[in-house]
Amino acid sequence: ESATLGLFGLGTMGSALSLNILEKGFSLHVTNLETEVVGEFVKEAEDAGLAENLHGADDLAKMVAAMAPPRAIILMIPSGAPVDETIEKLLPHLAKGDTIIDAGNADFHVTRRRTAEVEAQGFTYIGMGVSGGEDGARHGPAMMVGGSPAAWSGIRDVIEGIAAKFEGSPCADHFGPDGAGHFVKTVHNGIEYADMQLIAETYGLMRNGQGQSPSEVGEVFERWNKGVLESYLVEITAKVLQASDTETGGPAVDVIVDAAGQKGTGRWTAIEAVRLGQSANVIEAAVAARAWSSEGEARAAGSAIFDAPRGDLELDEADLEAALLVGRIVSYAQGFRILDAASAEYDWSIDYARVAEVWRAGCIIRSSLLGDIAAAFRGDLPEGQLIFSETFAKLISEGLPALRRVVGAAVAGGHAVPALASALGFLDTMRTKRGTADVIQAQRDFFGHHGFVRIDGRRDQHGPWWD
Ligand code: 6PG
């Protein structure tokens, strides 16, 4: 049975999503914390010719009362305390079988907690990741749903109806219970951070290492977007770099302070990776780079103490392209490794091929690689590692020498490339059969009698330093 749909929170994302819902022919009840916004939104919908199935209400209680059960109420509000407060306000008005949908960027641990609390009272709860910014919300976002199958079936029509389409197939799916959807979105954002950082580092090498202007680099990205790097983020970077500031007439990027903001989702991916005993080091490097970027004064001091990066790099454009591609592959692969670890830990049974497919349109990390990633997950994946699949092992083998040349030149010239270097460090580790952790184990045994496994399989062995 399809639920009656309501939406609370008519900010940028909430209004855009509401117009999308109405445009696709679904009925919608809306309300907002500040009541006057409701009237403004109804007017906007009327002007757009989309108000026929729209019902504006003054507040949450009135909106719920006007909706026939079973209801599904989407919350499009800032994550954190506002969500808890709204749930508390909403609960007394709900009937058994009603669903609350948190469509913000929530921490999946919190979504798990909220799901348990709301469902203990006889209602259902959905944590839904929505990607694609305002434009995505208005014309088709990618959506990653977590919650009970029953709750999903009540909203599936509308979610698939408003989602972005890739060759006709909706970029939305249900990935498992409770926090699964929000975690898939969190990993999406971790990959988003990594990809943005890899792109920025590649720009930096051309700009600061080779003296190319932003618009020249923008043209390079524009060309790359027609090839293996085809993706939303490369596309918008090409546009961003070719834009001029309206005040100075110079490159738009040159008037922007080089300190990156972050609301937390990329960081959650890194935290969860480490918590699960893994490391998504390209994503971690991107989180680190954002943190370091905000230490502008310290960097200014450092630039006066140490030598400046050299501006005499001579890198092949094809090498830079290949290096960026390999970095991107590793960041996706690390994202999927964390999904896998979390899916095992929380019993989610996430379908990774579907995740890749849902990310093919509407979301920020959409790229032409995702079709190949989905195919790789449906095929033979040695050790469960995306980088070992036939397609990606080949792409990595071909691109690895270029990544090595790019990172080598960057390192020699003093240019910071933490994400590209992390990708190389990861790949070099994963192609080394016998690593150097024998020495770590020997050290642990030496100072703490921790014991080690001998190469013949005997466990709890100790070194001659204890004889
Ligand atoms: C998306 C984005 C979106 C938002 C992030 C940005 O998929 O549409 O990820 O959710 O832009 O909040 O995150 P930061 O503010 O942490 O960069």
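Biologist: Why is the ligand shell said to lie between domain 1 (4-178) and domain 2 (186-430)?
Modeller: Both domains give residues to the shell around the ligand, so it lies between them. The domain bounds come from an automatic or database domain assignment. This is a predicted model: local features need pLDDT of at least 70, side-chain atom pairs count only at pLDDT 80 or more, and totals for chains, interfaces and linings use all residues. Residues are numbered from 1 along each chain as its sequence is written.

Biologist: Which residues are closest to the ligand?
Modeller: Ser131, Asn189, Gln262, Lys263 and Ile364, out of 13 that surround the ligand; a residue is near if its C-beta atom, placed from the backbone, lies within 6 Å.

Biologist: What makes strand β4 (residues 71-75) largely enclosed?
Modeller: Five of its five residues are buried, so the rest of the structure largely encloses β4. Buried means 20 or more other C-beta atoms within 10 Å of the residue's own, C-beta atoms being placed from the backbone. Arg71, Ile73 and Leu75 point one way, Ala72 and Ile74 the other. A strand is a DSSP run of E, at least two residues, and a helix one of H or I, at least four, numbered from the N terminus.

Biologist: How do you know that β1 (residues 4-8) pairs with β4?
Modeller: Pairing requires at least two DSSP bridges, and β1 and β4 have five, in the parallel sense. Gly6, for one, has Ile73 as its bridge partner. Strand β5 (residues 99-102) also runs parallel to β4, over four bridges.

Biologist: Why is the crossover from β4 through helix α4 (residues 81-90) to β5 called right-handed?
Modeller: Right-handed means that, with the strands pointing away from the viewer, the path from the first strand over the helix to the second runs clockwise. This β-α-β crossover is right-handed.

Technical notes: Buried ≥ 20, exposed ≤ 12 C-beta atoms within 10 Å, placed from the backbone.
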